[in-house]
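Please find below my note on the model you sent. The points are in no order of priority.

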Amino acid sequence: MNIAEPPNIAFFITWIVYFGIRHVFIKRTEGEKKTLSKMDGVERLLLLAMVPGIMVLPLLYLFSSVLSLADYSLPPIVPWIGLSVLFGSLLMFWRSHSDLGQNWSVSIELREGHELVTEGIYGRIRHPMYTSIWLWAIGQGLTLENWLAGWAVVPAFALMYFLRLPREEAMMCEKFGDQYREYMKRTGRLLPKPEKTA
Ligand code: SAH
């Protein structure tokens with residue numbers, strides 16, 4: 001049981017907020033009809049592959065000692081650095097859900113009346129939600145002092161990111177054509193594109 005350690009309590013609260021945000025936006029978009037869904041076997045597998053890394057292993061680490069063989073210890077400041085990364089991740093996670101509004105979905109999907117969002121956090125970054133999940137994965141690794149509970153999320157999300165991104169961008173190009181291609185030129189994928197100096 002590691003839940004008694006202060007950084008782990010803080011991690012657990014952050015973790016609840018993370019899934020709370022997801023839950024709120026799943027509920028908000030529930031009624032929106034989908035006109036195209038690429039939720040196929042690969043997508044389902046990719047989503048399923050995230051479950052151990054982001055849910056099961058952290059909970060096992062916090063509430064049992066079954067993963068103790070993979071424990072290690074870090075200077076006490078490191079988990080707090082991890083938590084500040086997690087906090088940044090939460091802000092971006094919330095902001096990207098909120099800016100996408102009714103256009104958000106958990107998989108690669110288009111909704112009825114889907115609009116291309118190019119404002120707010122999407123003004124400079126095309127995939128801020130994925131940036132926030134990368135930050136989450138790094139923050140979790142730095143916070144939980146266990147190889148499995150901390151880091152298993154990294155390869156799982158890397159797989160999802162690298163397999164999903166080309167499909168998502170291809171779908172957006174097909175739907176929005178030059179509008180999306182122009183948008184790609186002026187935005188960065190995970191971080192803002194550096195401003196050009198004249
Ligand atoms: N890749 C984005 C969104 C992830 S949610 C990010 O990381 O922030 C996935 C869904 O968002 C996709 O199915 C797609 O339909 C939708 N989407 C992605 N970018 C969008 C945009 N700029 N405007 C509207 N919808 C978008």
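The numbered points below cover the model, its pockets, its ligand and two local features.

1. The coordinates are a predicted model, and everything that follows should be read with that in mind.

2. The largest pocket holds about 690 Å³ of space. Its lining is made up of 33 residues. Those nearest the centre of this pocket are Arg22, Trp104, Ser105, Val106 and Arg164.

3. Several helices contribute to that lining. At least two residues each come from α1 (6-29), α2 (41-63), α4, α6 (153-176) and α7 (178-186). Sorted by class, the lining of the largest pocket has 22 nonpolar residues, with six charged and five polar ones.

4. The second largest pocket has a volume of about 170 Å³. Among the residues that line this pocket are Asn2, Glu5, Pro7, Asn8, Tyr61 and Asp71, as well as Trp80, Thr143 and Glu145. Two elements, α1 and α3 (77-100), give two or more residues to this lining. Its classes are six nonpolar, three polar and three charged residues.

5. Which residues come nearest to the ligand? Of the 20 residues around the ligand, they are Glu109, Val117, Tyr122, His127 and Glu168.

6. Three polar contacts to the ligand deserve a look. Glu109 uses its backbone: an N or O atom there lies 2.6 Å from a ligand oxygen atom. Glu168 places a polar side-chain atom 2.6 Å from a nitrogen atom of the ligand. For His114, a polar side-chain atom is 2.9 Å from a ligand nitrogen atom.

7. Helix α4 covers residues 128-143, 16 residues in total. From its first C-alpha to its last α4 reaches 22 Å, close to the 22 Å expected at 1.5 Å a residue. Is α4 mostly buried or exposed? Of its 16 residues 13 are buried, so α4 is largely enclosed by the rest of the structure. This helix is also one of the elements that supply at least two residues to the lining of the largest pocket.

8. Ile81 sits in helix α3. Its relative accessibility is 43%, so Ile81 counts as partly exposed; the partly exposed class runs between the buried limit of under 20% and the exposed limit of over 50%. The C-alpha atom of Ile81 is separated by 7.6 Å from that of Thr143, although their positions lie 62 residues apart along the chain, counted as a separation in sequence. Thr143 itself is one of the residues lining the second largest pocket.

Definitions and conventions: Residues numbered from 1 in each chain as written. Predicted model: local features only at pLDDT ≥ 70, side-chain atom pairs only at ≥ 80, totals over all residues. Heavy atoms only, no water. Helix = DSSP H or I, 4+ residues; strand = E, 2+ residues; numbered from the N terminus. Expected span 1.5 Å × (residues − 1). Buried < 20%, exposed > 50% of the residue type's maximum accessible area, 1.4 Å probe, protein only. 1 Å grid on protein atoms, 1.4 Å probe; cavity = no way out; pocket = protein on both sides within 12 Å on 5 of 7 lines; lining within 4 Å. Points joined across faces, edges and corners; volume = space filled by probe spheres on them. Nonpolar A, V, L, I, M, F, W, Y, C, P; charged D, E, K, R; others polar. Near = heavy atom within 4 Å. Polar contact = N/O pair within 3.5 Å; in protein donor to acceptor, adjacent residues only side chain to side chain.
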